[in-house]
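Student: I am new to this structure and would like a close look at one part, together with what lies around it. Could you take me through it slowly, in connected sentences?

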Amino acid sequence: MIIDNYQRVHNYLRISLTDSCNLRCFYCMPEEEYEFTPTDKLMQVNEIEAIAKIFVAQGVNKIRLTGGEPLVRKDAAAIILALSKLPVQLTMTTNGTRVHDFVDVLEEAKIRSLNISLDTLQADKFLMVTRRKQFETVMKNIQLLIDRNFHVKVNVVVMKGLNDNEINDFIEWTKNTPVHVRFIEFMPFSGNRWTSNKVFTMKEILEVIETKYSIQALQNEKHDTAKKFTVAGHAGTFAIISTMSANFCGDCNRMRLTADGKMKNCLFSKEETDLLAAFRKGDAIEPLIHESIKNKAKELGGQFTTDFEKILTEDINNRSMITIGG
Ligand code: SAM
Ligand code: SF4
């Protein structure tokens, strides 16, 4: 088992397949011109499979594929099918633009639940946020997944003044559509123009929803990062990921592997452990995994306090979200 100094058992690995993407969400990409990592520096299919197997042997039972956009990788299908053979719950976070090309592979890999990112229900705002005209495709692909009986979670990063006025539109969407909307508080990463006054907190989100709907909290499961709710009579549900205003670090079971094979023990950790370099040299990576987790900070990567209004972004030492793998 992979256990840290706070007795947290780590059994959930998030693997980024690439730092490249076909969208340009401003809160995820760094501001400056950005060069995607060359293919030979990325973990190759056999390396992803072998490294994942080592994590599984250490107790990992859930793997999420992410990125960048995992489905822009040319060999994404091969990776998905290779990992589907492992004794893990396999899942993925995607921007939804390429799902139609992969739905059969996802079924073959027995992936039953997918997270799709969609911050707005308005085509013009989608273009403004992502700088790409893909709104209709994403909406169609969400419907395609529903029609094929996938459990669809929709990730919405809520930013004050941008889409906080759409919160109840998303709730209304869940009335007849079985989607599970997850409102995410806006988080700071290198170069993403984060300021504390753009964070729309869980408390504020709930206040907006309660002006129109009567809601009920659902029982959370261990390690849930999202606090779940229902509205009576709605086909879907909603949840809130309150990283900034009420973090869930106390129960964290997550580890991350970047597309270039660096292990991060926390989304906000400064430190990285180069597992791919060690693996390519033929060294054992198990000790590196355990050492990385032993160095895990108690909360928020040890980089900022729980009082998010005091965060100074210039003091945060981290990658941009697109290169971490959210
Ligand atoms: N490309 C895929 C997608 O968009 O779903 C997977 C990678 S993306 C980095 C993973 C998730 O991180 C998305 O749901 C995205 O909205 C979220 N994300 C990116 N930057 C964020 C930020 N600054 N604060 C909160 N969530 C963020
Ligand atoms: Fe691409 Fe996802 Fe980042 Fe948007 S959030 S730029 S879709 S990786």
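Tutor: Let us start just past the end of a helix, where α3 is followed by K110, a residue whose phi is positive, near 60°. Please keep in mind throughout that this is a predicted model. Going back into the helix itself, α3 spans residues 99-108, and V99, F102, V103, V105 and L106 are buried there. What do these buried residues of α3 pack against? Their partners are two helices, α2 (76-83) and α5, and two strands, β3 and β4 (113-117).

One of those partners, β3, leads us on to a bound molecule. The strand β3 (89-94) supplies at least two residues of the shell around ligand 1, and β5 (151-158) and β6 (179-185) each do so as well. The whole shell around ligand 1 consists of 20 residues, of which G68, E69, S117, N155 and M187 are the closest. By class, these surroundings divide into 8 nonpolar, 10 polar and 2 charged residues. Some polar pairs can be described atom by atom: a polar side-chain atom of S117 lies 2.5 Å from an oxygen atom of ligand 1, while a polar side-chain atom of N155 lies 3.0 Å from an oxygen atom of ligand 1. With G68 the partner is a polar backbone atom, which is 2.9 Å from a nitrogen atom of ligand 1. Of the 550 Å² of accessible area that ligand 1 has on its own, the protein covers 95%.

G68 also appears in the surroundings of a second molecule, for ligand 2 is surrounded by C21, L23, C25, C28, G68, N95 and I322. In this shell 5 residues are nonpolar and 2 are polar, and there are no charged residues.

Finally, we can return to the backbone angle with which we began. Q7, in the segment before β1 (12-16), has a positive phi of about 65° although it is not a glycine, and Q7 is exposed, with a relative accessible area of 63%. R131, which belongs to the loop between α4 (123-130) and α5 (135-147), likewise has a positive phi, of about 60°, without being a glycine. Is R131 exposed or partly exposed? R131 is partly exposed, with a relative accessible area of 49%.

Technical notes:
Residues numbered from 1 in each chain as written. Chains lettered and ligands numbered in written order. Predicted model: local features only at pLDDT ≥ 70, side-chain atom pairs only at ≥ 80, totals over all residues. Heavy atoms only, no water. Helix = DSSP H or I, 4+ residues; strand = E, 2+ residues; numbered from the N terminus. Buried < 20%, exposed > 50% of the residue type's maximum accessible area, 1.4 Å probe, protein only. Near = heavy atom within 4 Å. Polar contact = N/O pair within 3.5 Å; in protein donor to acceptor, adjacent residues only side chain to side chain. Areas by Shrake-Rupley, 256 points an atom, 1.4 Å probe, with all protein chains shown as cover. Nonpolar A, V, L, I, M, F, W, Y, C, P; charged D, E, K, R; others polar. Contact = heavy atoms within 4.5 Å.
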